[in-house]
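Visitor: I'm new to this structure and would like a close look at a single part of it. Could you pick one and walk me through what surrounds it?

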Amino acid sequence: MLKYSLFILLGITLSCSTKPVVNQNYNFKEIGSIDILPIKDYKNTIGSGEMVQSSLDYNFLKYGFEVINYKSQKRILVNTLSEETLILSCIITELTESESIIVPYRTEDRGYTKTTINQSSESNKETKENELSATSTTTTHAGTVNQGSQIVYSQNRISLILTLTDKKSGRMVWSKSCWYSGLELQRTINMCLKDGIYELRKVLK
């Protein structure tokens, strides 16, 4: 059971990504750029917003977008022939870093009882026949109980909500939520954003 628990804690990466909600009446082909709002740190996790921002930049570049710093703000160029702009917000709704967990364990050996039967044959001179005799020996082994605890490490987990809003009208035109669990925090963030930017690319290009 202990080995199975360690496998669950250390050996599995899990993800969940819902389909984005899209305003079907909005013309994404006319978008010239996307301004990214500053990403706030998750509570009590200083620097988490910057980590998500760096991963966001990486994934935009990976999918063929141009990323620039525009007036102390990140801007994604989509179509240089258009001036229409969307605003992208990214909210960290959950962030759990690897932590040590004390897992108790207990193994029990209840022992066993073994009975050995020995048979022997003796010749009776008077009847000229063989007589069988049997003896038995019973051995009892006491059980043992071992118990203790072991320190293991849980996985990193992050959950994000991405939202696109039209800068002029203020209409929300696209939104997606996703979460991912993995062993290394920066890679966990990157894998969580990977699918989100891929879905965003499908409506922009």
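**Salt bridges and the core around them**

Guide: Let's start with a salt bridge: the side chains of Asp195 and Lys176 meet, with N and O 3.2 Å apart. This pair ties together distant parts of the chain, since Asp195 sits in helix α3 and Lys176 in strand β12, 19 residues apart. Keep in mind that the model is predicted. How covered are the two partners? Lys176 has a relative accessibility of 2%, so this lysine counts as buried. Asp195 is partly exposed, with a relative accessible area of 28%.

Stay with helix α3 for a moment. Another salt bridge here joins Lys202 and Glu199, whose closest N and O atoms are 3.2 Å apart. Lys202 and Glu199 are 3 residues apart in α3, so about one helical turn separates them. Glu199 counts as buried because its relative accessibility is 15%, under the 20% cut-off. Lys202, at 47%, counts as partly exposed.

Helix α3 also matters for the count of nonpolar residues: the largest nonpolar core has 34 residues, and Ile34, Val52, Phe60 and Leu160 have the most contacts inside it. At least two residues of this core come from each of β3 (31-36), α2 (48-62), β6 (84-96), β11 (156-166), β12 (172-182) and α3 (185-204). The largest share, 8 residues, is supplied by α3. As a general point, nonpolar side chains in soluble globular proteins tend to be buried together.

Now follow one of those core residues, Ile34. Leaving aside residues up to four places away in sequence, Ile34 touches Lys74, Arg75, Ile76, Val78, Leu86, Leu88, Leu164, Leu200 and Leu204. As for strand β3, 6 of its 6 residues are buried. β3 runs parallel to β6, and 5 bridges join the two; Ile31, for instance, has Glu84 as its bridge partner in β6. β3 also pairs with strand β5 (residues 73-77), this time in the antiparallel sense and over 4 bridges. There, Ser33 has Leu77 as its bridge partner in β5.

Lys74, one of the residues that Ile34 touches, brings us back to charges. The side chain of Lys74 forms a salt bridge with that of Asp57, at 3.0 Å from N to O. Here too, distant parts of the chain are linked: Asp57 lies in helix α2 and Lys74 in strand β5, 17 residues apart. Asp57 is at 12% relative accessibility, so this residue counts as buried, whereas Lys74 is partly exposed with a relative accessible area of 23%. Arg75, also touched by Ile34, is linked with Asp35 and Lys167 in a network of salt bridges. In total, the structure holds 7 salt bridges.

Finally, a look at the rings. There are 3 aromatic pairs in the count. One of them is Tyr26 with Phe28, an edge-to-face pair at 5.1 Å centre to centre and 70 degrees between the planes. Tyr26 and Phe28 are both buried. Phe60 and Phe65 pair as well: their ring centres are 5.4 Å apart and their planes lie at 85 degrees, so this pair is edge-to-face. Phe60 has a relative accessible area of 0% and is buried, and Phe65 counts as buried at 4%. One more ring has a charged neighbour: Arg157 lies over the face of Trp179, at 4.0 Å from the ring centre.

Note on methods:
Residues are numbered from 1 along each chain as its sequence is written. This is a predicted model: local features need pLDDT of at least 70, side-chain atom pairs count only at pLDDT 80 or more; totals for chains, interfaces and linings use all residues. Side-chain values use heavy atoms; hydrogens and water are left out. Rings of Phe, Tyr and Trp (its six-membered ring) pair if their centres lie within 6.5 Å; planes under 30 degrees apart count as stacked, over 60 as edge-to-face and the rest as tilted. Buried means under 20% relative accessible area, exposed over 50%, partly exposed in between (1.4 Å probe, protein chains only). A charge sits over a ring if NZ of Lys or CZ of Arg is within 6 Å of the ring centre and within 35 degrees of the ring normal. A nonpolar core is a set of buried Ala, Val, Leu, Ile, Met, Phe, Trp, Tyr and Cys residues joined through side-chain atoms within 4.5 Å. Contact means heavy atoms within 4.5 Å. Two strands pair if DSSP finds at least two bridges between them. A salt bridge is a side-chain nitrogen of Lys or Arg within 4 Å of a carboxyl oxygen of Asp or Glu.
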